[in-house]
Amino acid sequence: FRDQFCRFRRFVILDAESPLEIGFDEARNRTLREARGDWIMWMDTDEDLIHPERLHKYLRHNMFDGYGIAQHHMSADPVGVLTTDWPVRVFRNVPYLRFQGVVHEHPDDVERPNSGPRAPAQIVDLHILHHGYTTEDVRRRRFQRNLPLIKRDRKQYPDRLLGRLLWMRDLAHMCMFEAERTGGVVTEEMRNWAKLGMLQWEALLEESDRPIAARMLRDGLEFYSTLVGVLGEGFEAHVQLHAAKGAPARLEAGPRRAGRFLNRQHFEKFMKLCIDEQTQKFDSRYF
């Protein structure tokens with residue numbers, strides 16, 4: 001990769017404070033102020049880019065201003081891929097795209113927050129392998145390191161939708177770790193954490209007409225369910241839908257989701273997301 005694309009590039013090493021002090025977004029934005037190329041690609045030292053030679057063709061003249069690349073979080077305990085997500089890792093060097101988030105930072109449109117790049121696309125023939133969460137011990141130490149940062153993030157970016165999802169996730173983890181310590185006894189502190197998590201879920205529900213918030217609600221269902229369980233309230237529901245036009249609908253073809261819901265209102269709003277997911281494509285003239 002270096003020999004093919006970077007042989008004649010100029011590298012600049014910036015001397016800056018630790019991201020743990022100034023925030024990961026500020027640290028990355030300082031590098032953007034020094035960038036002179038047309039495109040930005042950001043990676044960490046615990047990540048590997050698979051098939052980098054395939055990237056160059058996406059940087060030709062086109063309409064897109066950001067690319068999502070599949071990021072696989074690898075683990076040795078348990079063995080396999082923990083999760084896969086699609087963060088925007090390549091984006092144009094334009095003034096309106098800057099990193100946001102004290103931790104778990106991502107490029108966002110400073111003129112239209114919570115929207116990301118204005119014309120994004122996915123790259124399906126490149127992959128990023130993240131090996132920073134290889135064992136449970138490593139994951140918990142990383143969690144403890146990031147916890148003060150996510151608290152700062154909520155104060156600095158109170159309207160950041162991704163921050164709400166991540167805070168709800170961390171609150172669920174805090175409850176699980178505390179339950180391990182107490183032998184399953186639910187403490188008042190755990191209930192307070194769960195109630196705080198409910199506020200994050202409800203705030204996302206209020207934005208559920210936005211695709212980014214809808215995706216976060218679907219991704220955050222397991223964490224929300226954990227928090228509802230801590231409160232000892234609600235009911236369990238399993239949802240599986242499939243809608244087809246011009247062909248028979250097949251239930252097994254639809255995504256299956258299971259969770260514990262605090263009340264009927266929460267469940268109905270989540271069901272609307274599932275229905276929209278299956279039927280909004282019918283509104284397109286090109287379907």
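Right after helix α5, Gly 183 takes a positive phi of about 70 degrees. This is a predicted model, so treat the numbers here as computed from it. The helix that comes just before that glycine, α5, covers residues 161-182, and the chain as a whole has 9 helices and 10 strands.

**Helix α5 and what follows**
- How far apart are the end C-alpha atoms of helix α5? They sit 32 Å apart, which agrees with the 32 Å that its 22 residues should span at 1.5 Å a residue.
- Gly 183, with its positive phi, picks up just after that helix.

**The chain overall**
- Alongside those 9 helices and 10 strands, the radius of gyration comes out at 21 Å, close to the 19 Å from the globule rule for 287 residues, so the chain is as compact as a globular protein of that length.
- Along its principal axes, the C-alpha trace spans about 60 × 55 × 40 Å.
- Buried residues account for 42% of the 287 in the chain.
- If you take the contacts with a separation of 6 or more, 66% of them join residues 24 or more positions apart.

**Surface and charge**
- About 16,600 Å² of the chain is exposed, and carbon and sulfur atoms supply 52% of that area.
- On the charge side, there are 44 positive and 43 negative side chains. The centres of the two sets lie 3 Å apart.

**Arg 140**
- You'll find Arg 140 in helix α4, which runs over residues 136-156.
- Is Arg 140 buried, partly exposed or exposed? Its relative accessibility is 27%, so it counts as partly exposed, given that this class falls between 20% and 50%.
- Setting aside neighbours within four places in sequence, Arg 140 is in contact with Phe 177 and Glu 180.
- Phe 177 is 37 residues away from Arg 140 along the chain, and their C-alpha atoms are separated by 9.4 Å.

**Arg 210**
- Arg 210 lies in the loop between α6 (188-206) and α7 (211-219).
- With a relative accessible area of 27%, Arg 210 is partly exposed.
- Which residues does Arg 210 touch, not counting those up to four places away in sequence? They are Pro 113, Asn 114, Ser 115 and Leu 161.
- Arg 210 and Arg 264 are 54 residues apart along the chain, and 21 Å separates their C-alpha atoms.

Methods. Residues numbered from 1 in each chain as written. Predicted model: local features only at pLDDT ≥ 70, side-chain atom pairs only at ≥ 80, totals over all residues. Heavy atoms only, no water. Helix = DSSP H or I, 4+ residues; strand = E, 2+ residues; numbered from the N terminus. Expected span 1.5 Å × (residues − 1). Rg over C-alpha atoms; globule rule 2.2 N^0.38 Å. Buried < 20%, exposed > 50% of the residue type's maximum accessible area, 1.4 Å probe, protein only. Contact = heavy atoms within 4.5 Å. Areas by Shrake-Rupley, 256 points an atom, 1.4 Å probe, with all protein chains shown as cover. Lys, Arg positive; Asp, Glu negative; His and termini not counted. Charge placed at Lys NZ, Arg CZ, Asp CG, Glu CD.
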